[in-house]
Amino acid sequence: MSRSTGSMRRWSMAVAAAGALSQAGALHAQATAQKMDAEYTAQIKKYLSDPRISTELVDHLPASSTVPTPLKFLGHIVGAPGILDHAADIHRYLEAVSKAAPTRTRFWKIGKTEEGRDMVLLAIADEKTIASLDKYKGYLNQLTDPRKTTEAQARSLIKTAKPIYYITSGMHSPESGGPEMLMELAYRLTVEETPFIQNIRNNVITLITPVVEVDGREKYVDNHYFNEKWAKEHGVDSSAGGGRGGGPLSLMYWGKYVQHDNNRDGMGQFLALTRHTTKAFLEWTPTVLHDLHEAQTYLYSSTGTGPYNDALDPIVVDEWWMLAKNDVMEMTKRGVPGVWTYGFYDGWVPNYMFFIAHTHNAIGRFYEVQSYCSGACQNYVVKPGATTTSKEWFRPNPPLDSIMWSPRANTNIQESAILFSLSHMARNKDLYLENYWLKNKRAVEKGTTKPGTVAAWIIPANQHAKQNAAEAVNELKTQGLEFYTATSAFKAGNVQVNPGDYIIRGDQPYRTLADMYFSLQNFSPANPSPYDDTGWTFPLMRNITVTEVTDKSIFKAPMTMVPMAKTVVATGGIFGDGNTLIVENNSDNSLVTFRFKNAGVKMSATEEPTQAHGQTIGAGAIVIENANRAQLEPSLKSLGLVAHAVASAPSVKMHDLDIPRIGYIHSWTRTQDEGWVRAALDTYGVPYQYFGENAVAKMGDLRQKFDVILYPHGGSGVGNVGGGRGGRGGAGANDPVPYKSTKEFPSLGFPDSTDDVRGALGEGGMKSLYAFIQQGGTLITEGNTSAILPDMKLTPGVTVEPATALFARGTILRNVISDAKSPLMYGYTQTDIPVYFSQAPVLNAGGGAAAIADNSAAGGGRGGRGGAQTQNTTPMASPLKLSPWDPNKTGMPFGYATSLGNDFNFVEPGQTASSGRGGRGGGGGFGGFGGPQGPVTVAGLNADPNSSTRVIMQFPEKAEDMLLSGTLERGELLSKRAGLVDEKIGNGHVVMFAFRPYWRWQSQGTYAIGFNAIMNWNDLDAGK
Ligand SMILES: [Zn+2]
């Protein structure tokens, strides 16, 4: 059947279904007693671009004599074209609803953003429930904890408790319809008197946080109206433009730190929005956390293609499918096309915000809705390709070949679907509450009764980087994981536990979080292309020691609980007497804080191991002569650092730790990734001056201003990206495009501002930057910026290899320290370090690596799936062989017990990983690597003849030794390739990370390498 015939058939079916709407409506008859808001209802009809995108639930709005509608309060209905509301107005509206309907709602603030704005929450239920809201909260809290709640109590609670359905939106700022829709949903749930809505109100407690990324929403709305105004003033057609609203200005920043990565912070929990949502979640223990997005055609209701996360209770997978299929079915019944599931996202990595629900045994899910705003937030035509409109098993009623979409269509489709979800939850509340109880119970039982599973995890308090370990404890504790400390020494199985060691008991319901974070990942390349990271194992990313205990006797061992509100710190301070301090460097990240907090104190670093109090103190220790003990001791204690007071400075070679003046270059075309580097610098107290790439050429002599310059991933180099964002022609094409806070657009201009966002580093900027290095400055690059100088042939000892057949997506690989004497390695005593690496750049440095043919013959190719093929329904039956991680040579590689407890697939010793599979689909925009830079040379800019290459870390020689957790294929393309290079150019250095040392607040184990580069910036040749 040809495409056109197919679409004709579907068109006529859809029209027929639309005609049957009155039938479906009869199923949920409107209560005739309630008066409709005639004006609002008329505008719904007027603004809806296609009648098929509607249901009987949203084609009207009931009137209320007390509660204001959005039209009355804001002057427009939800889904009116060209309208976007600031978060402040959305919050004001929900507060007004709450004031007008105090018996059915409750409104409160849940925290402040980085820029000082409020995050809010509105609860909606029937009068009796709202009157006893805390009692209902308590019921769910009780169902969370089988240690305190008996089976009999739980059975009774399942009948009396009410599920909490927590809806969030506005996470991704340009995905703007969810926050608008939630105003109307709040009104409807509060005032409508149909049996359908009453049933929801009586049986479900709905929580709404309409805007999660409040800072980003305000910038987005200002940005939209800025562009509209600009387009008007410059006579540009606002529907054609590059930026939203027709003007030239992109949304430069969302929150203070990152853009769409803001929903990848569920594990890291760095951003205020994640922390506040987690706190609200832990207090209310919702049954569902449902996050609303806009990145797919019509409406995708999440399940995912798999593979699903190993540590998910299998019940969750069924819950995902039941909820998603209910959405698909109810919308399909009403003839609404294009509501589907399965074919997007995978379900693997737990870094999403909605995974907060899964780490706590609840249900996390999301929608991806057809965008509310395209260009001018007006109606627009959606014409997807055949791969989106074909009828597939997961898409029985697919999107149409063409439709006129509109903001109101966006409102209607997601408001209807979420009402069907709420109704499903109301009608099946006992089922979901029982499942919730069961999941909590099974988590506890996993630790106590299931043989071979982890009974407890031990984090030794006195391990090498003990303050990094303490910080890990604190961060896990804010996510609800309970910690104990051993009160005396004991043995559990083969594991020696010492007093003060941290214990995570495996008989707590939230052990699921530890199972999910601590396990090893084995992502078979036979799967569909991964949606995001494939490996994340927490102890590896933080390079801390965590020991698995399977012996159940540990539950009777002497231990005491660490209060949830207590922040733990490693035992630090000054030991011994004497005027000279030797501060240990154990790769604790707080060491850099100590240096900058005491910037006025003269400090040096040892270049070799030294002795103090009968102990060997590794190289990189900080020596302070004539130390002011009273000044420094509180600082050392609070930072968990140990100093030895001795009579005189050690006689080993030392160099001064000169405080550098730090510059920080960001791109104006991609501010997405560099925020994670700023997160680390800000948190650990490293000051810097922050400026755009296009400012560099105008800054004159960089060396006069700076000693160190950071240029993180996302930078565009000389590039071909000048001229601002997107194409724009016509009048005003040559006018500057400011990004500044004004009275009219106050949210713009943060965290950086400029008179003109156009342009990149440019040739002038690149020449300046190169001169800065030659004159003795230190440039630090990571990820794609590490490829910029090699691509320009300015680093004779380093070349970038394309390695197109390599498959290493967001994975944890072993790096071997190849130059342990470099100051970059101060504090690291292991021979190997786990690093986060994703595909590129592959750096061949120092001539140490043999050439490898980068062809796809051996691996079956990573290109398209061309040709005939069968669907692989068991990709996880083909696990990869992981390389064991056992840096302390204990004979017990980390992660096996945790992973086996999650029914993990291992390749046993002696076996080989299976192979034999077809090619793969493309990577789809992950990781943000652009193609090669445009011009790779700049006239007049040549490599300094005085260059030399020092490879500090590299990938192992053998591919089988590389993969610690995640995925890897064609690893031989990384054989002995550099992970970290120190390239000497003239009098200065370029420190080039091929891996990502500051990845999403998860890779704390490699932060100190970058901090070493900053602290030892003018002595990097030490140990050569
Ligand atoms: Zn999104």
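This passage describes a zinc site, a six-stranded sheet and two buried residues in a predicted model. Local features were considered at pLDDT of at least 70 and side-chain atom pairs only at pLDDT 80 or more, whereas totals for chains, interfaces and linings use all residues. Residues are numbered from 1 along each chain as its sequence is written, and side-chain values rest on heavy atoms, with hydrogens and water left out.

The zinc ion is coordinated by ND1 of H172, by two OE contacts of E175 and by ND1 of H293, at 2.1 to 2.5 Å; donors are N, O and S atoms within 2.8 Å of the metal (3.2 Å for Na, K and Ca), and sites may look incomplete since water is not among the atoms. The angles among the 4 donor atoms span 55 to 147°, and the site is irregular, a class that takes in anything other than tetrahedral (four donors, all angles between 85 and 135 degrees), square planar or octahedral (four or six donors, respectively, with opposite donors over 155 degrees apart and all others between 65 and 115). The donor residues follow the spacing H-x2-E-x117-H. Because H172 lies in the loop between β3 (164-168) and α9 (177-191) and H293 in strand β5 (residues 288-293), the pair ties together parts that are 121 residues apart in sequence; helices (H or I, at least four residues) and strands (E, at least two) are DSSP runs numbered from the N terminus. Both H172 and H293 are buried, that is, under 20% relative accessible area, with exposed meaning over 50% and partly exposed in between (1.4 Å probe, protein chains only).

An open sheet of mixed pairing is formed by 6 strands in the order β18-β24-β19-β23-β20-β25, where pairing requires at least two DSSP bridges between two strands. β18 (573-575) and β25 (654-656) stand at the edges with a single partner strand each, so one side of each is left without a neighbour in the sheet. β18 runs parallel to β24 (residues 642-646), to which 3 bridges join it, and I574 stands opposite A643 in β24.

S406, in the loop between β10 (403-405) and α16 (407-427), is buried at 0% relative accessibility. Residues touched by S406, beyond those up to four places away in sequence, are Y47, L48, S49 and N379, contact being heavy atoms within 4.5 Å. G1010, in helix α28 (residues 1007-1015), is likewise buried, with a relative accessible area of 2%, and, leaving aside neighbours within four places in sequence, is in contact with I780, F993 and Y998.
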